[in-house]
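Colleague: I am new to reading structures and would like a close look at one part of this one. Please pick a single spot and build the picture outwards from there.

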Amino acid sequence: IIQYEGFNLCHHHFSPAVTQVLEYVMSCLVFSTLFVLFRNSSSFIKILIPFIAYFPLDLYIWSHFRIGGDINNALWIYPASSFLWGLKFPIVISLVAFIVDGLIFGVVGFEELKMRRS
């Protein structure tokens, strides 16, 4: 549902593939650590962890890059073929995208912890 665009750092452009790998690595390190710390908490907390991390970032990307037309400098975009564009409003698109991410991360994190306990 998203397309990575790459980013620039110190006059060097990193490709979309590098951006995607970095996001996965950082997410795995950060979220797995938080899921272990909050392993006895409600499932709702595990869903909120990625939502709280990514939702404000996505709003920043909307306001600074996507709406202004500078899409090439956004970390990710929602392609026109994505079902999210049917929602029309940027805040609703972000809410739906990251609630779904939160559910996926939360369920995967919960199942991982359950398997480790067995």
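Modeller: Let's start at Ser94, which lies in helix H3. Helices here are DSSP runs of H or I with at least four residues, strands are runs of E with at least two, and both are numbered from the N terminus. What you see is a predicted model, in which local features need pLDDT of at least 70 and side-chain atom pairs pLDDT 80 or more, while totals for chains, interfaces and linings use all residues. Residues are numbered from 1 along each chain as its sequence is written, and side-chain values use heavy atoms, without hydrogens and water.

Is Ser94 buried or exposed? Its relative accessibility is 0%, so Ser94 counts as buried (under 20% relative accessible area; over 50% is exposed, in between is partly exposed; 1.4 Å probe, protein chains only). Who are its partners? Setting aside residues up to four places away in sequence, Ser94 touches Phe55, Asp58, Leu59, Trp62 and Tyr78, where a contact means heavy atoms within 4.5 Å.

Now step back one residue along the chain. Ile93 also has its place in helix H3, which covers residues 90-117. With 1% relative accessibility, Ile93 counts as buried. Beyond the neighbours within four places in sequence, Ile93 is in contact with Trp62, Tyr78, Leu84, Trp85, Leu87 and Lys88. Trp62 and Tyr78 appear in this list, and Ser94 touches both of them too. Another useful distance is the one to Phe83: ten residues separate Phe83 and Ile93 along the chain, and their C-alpha atoms are 9.5 Å apart. One partner of Ile93 is Leu87, which sits in the loop between strand S4 (76-77) and H3. Leu87 counts as partly exposed because its relative accessibility is 31%.

Next, move forward to Ala97, which is again in helix H3. Ala97 is buried as well, since its relative accessibility is 4%. Apart from neighbours within four places in sequence, Ala97 is in contact with Tyr78 and Leu84. Leu84 is 13 residues away from Ala97 in sequence, and their C-alpha atoms are 7.6 Å apart in space. Tyr78 is thus a name to remember: Ser94, Ile93 and Ala97 each touch it.

Tyr78 leads us to the core. Of the 18 residues in the largest nonpolar core, Trp76, Tyr78 and Phe98 touch the most other members. (A nonpolar core is a set of buried Ala, Val, Leu, Ile, Met, Phe, Trp, Tyr and Cys residues joined through side-chain atoms within 4.5 Å.) Helix H1 (16-37), H2, S4 and H3 are the elements that each give two or more residues to this core, and H2 supplies the largest share, seven residues. Trp76 has a long list of partners: not counting residues up to four places away in sequence, they include Ile2, Tyr4, Tyr54, Leu57, Asp58, Ile61 and Phe98. Asp58 is also touched by Ser94.

Some of these names return when we look at the rings. Tyr54, Trp76 and Phe98 form one aromatic cluster, and the structure holds five aromatic pairs. (Rings of Phe, Tyr and Trp, taking its six-membered ring, pair if their centres lie within 6.5 Å; planes under 30 degrees apart are stacked, over 60 edge-to-face and the rest tilted.) Phe51 and Phe55 have ring centres 4.9 Å apart and planes at 15°, so this pair is stacked. Both belong to helix H2 (residues 43-66), and because they are four residues apart, about one helical turn separates them. Phe51 is buried at 17% relative accessibility, and Phe55, the partner of Ser94, is buried at 13%. Tyr60 and Phe65 form an edge-to-face pair, 6.3 Å centre to centre with 75° between the planes. Here Tyr60 is partly exposed at 41%, whereas Phe65 is buried at 19%.

Finally, place this in the whole chain. Three helices and four strands make up its secondary structure, in the order β-β-β-α-α-β-α from the N terminus. Buried residues account for 30% of the 118 residues. Among contacts with a separation of 6 or more, 52% join residues 24 or more positions apart.
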